[in-house]
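Welcome! Take a moment to look over the sequence and the 3D structure before reading on.

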Amino acid sequence: MTNIVNVATVLCLLTISGEISFGQENEKEMSRFGEGAVIAYQKKERHSATPALGGIATPVEFWIVRIDKWAEGKDKGPKYILVRFNLYERAVSDNEINSSKLRFKLRELRSDEHLDCLGSISGGNRHYAKGRPARLSDYQRTKPGSTDKIPSLKSLPCFIADEPPVVIERTN
């Protein structure tokens with residue numbers, strides 16, 4: 001009887017570890033790299049310092065990003081995108097978010113994720129008690145994005161960033 005339990009335990013562990021490594025490989029395949037700049041961020045969701053993490057919720061920020069160069073080649077992706085940045089590691093400082101050149105590690109939404117990259121705005125007003133989708137007026141421009149003409153938010157594809165971008169070139 002003990003041998004059967006041990007064999008069953010080993011089989012369960014092998015199955016779980018196989019699923020975990022498959023998930024990690026799948027995530028790596030979904031990652032895309034691009035260089036560009038954050039041109040605007042949602043004002044109400046900005047964390048310039050890592051917030052105190054308590055509970056089960058993960059703080060997020062919503063950005064509009066201009067990709068000047070996708071790693072796969074010059075024209076291998078959209079120029080303007082929405083990014084939902086999950087603050088798993090650390091916040092992005094004001095100097096970093098205003099950098100003129102950042103390297104982003106991004107992924108597209110998985111089929112099992114039901115997230116959006118717009119976020120919603122709620123306020124004390126009874127009309128917004130449930131929240132409303134964010135609008136361009138809810139975003140603050142960064143230094144590199146001060147002159148960009150931003151397309152309609154609804155037309156922009158959604159990407160997820162689980163890691164902070166890497167600064168390649170700072171804005172003077």
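This briefing begins with the whole protein and then visits two of its residues.

You are looking at a predicted model. Its mean pLDDT is 81, and 74% of the residues reach 70 or more. The secondary structure is made up of two helices and nine strands.

**The overall fold**

- Reading from the N terminus, you will meet the elements in the order α-β-β-β-α-β-β-β-β-β-β.
- The protein has 172 residues, and 36% of them count as buried.
- Take the contacts between residues at least 6 apart in sequence: 77% of these join residues at least 24 apart.
- The accessible surface is about 10,800 Å², and carbon and sulfur atoms account for 53% of that.

**A stretch to read with care**

- Over residues 10-28, pLDDT stays under 50.
- For this stretch, the model has zero contacts beyond four places in sequence.

**Asp148, a residue in a loop**

- To find Asp148, go to the loop between β7 (139-141) and β8 (158-161).
- Is Asp148 buried or exposed? Its relative accessibility is 10%, and buried means under 20%, so Asp148 counts as buried.
- Which side chains make polar contacts with the side chain of Asp148? One is the side chain of Arg66, at 2.9 Å, and another is the side chain of Tyr80, at 2.7 Å.
- Arg66 and Tyr80 also appear in the list of residues that Asp148 contacts once neighbours within four places in sequence are set aside, together with Ile39 and Arg141.

**Gly119, a residue in another loop**

- Gly119 sits in the loop between β4 (101-108) and β5 (120-121).
- Its relative accessible area is 8%; the cut-off for buried is under 20%, so Gly119 is buried too.
- Where does the chain come back to Gly119? Not counting residues up to four places away in sequence, Gly119 touches Gln42, Phe62, Arg132, Pro133 and Ala134.
- Pro133, one of these partners, is 14 residues from Gly119 along the chain, and the C-alpha atoms of the two are separated by 6.1 Å.

**To try in the viewer**

- Select Asp148, then show Arg66 and Tyr80, and look for the polar contacts of 2.9 Å and 2.7 Å.
- Next, select Gly119 and find its contacts, including Gln42 and Phe62.

Notes:
Residues numbered from 1 in each chain as written. Predicted model: local features only at pLDDT ≥ 70, side-chain atom pairs only at ≥ 80, totals over all residues. Heavy atoms only, no water. Helix = DSSP H or I, 4+ residues; strand = E, 2+ residues; numbered from the N terminus. Buried < 20%, exposed > 50% of the residue type's maximum accessible area, 1.4 Å probe, protein only. Contact = heavy atoms within 4.5 Å. Areas by Shrake-Rupley, 256 points an atom, 1.4 Å probe, with all protein chains shown as cover. Polar contact = N/O pair within 3.5 Å; in protein donor to acceptor, adjacent residues only side chain to side chain. pLDDT = per-residue confidence, 0-100.
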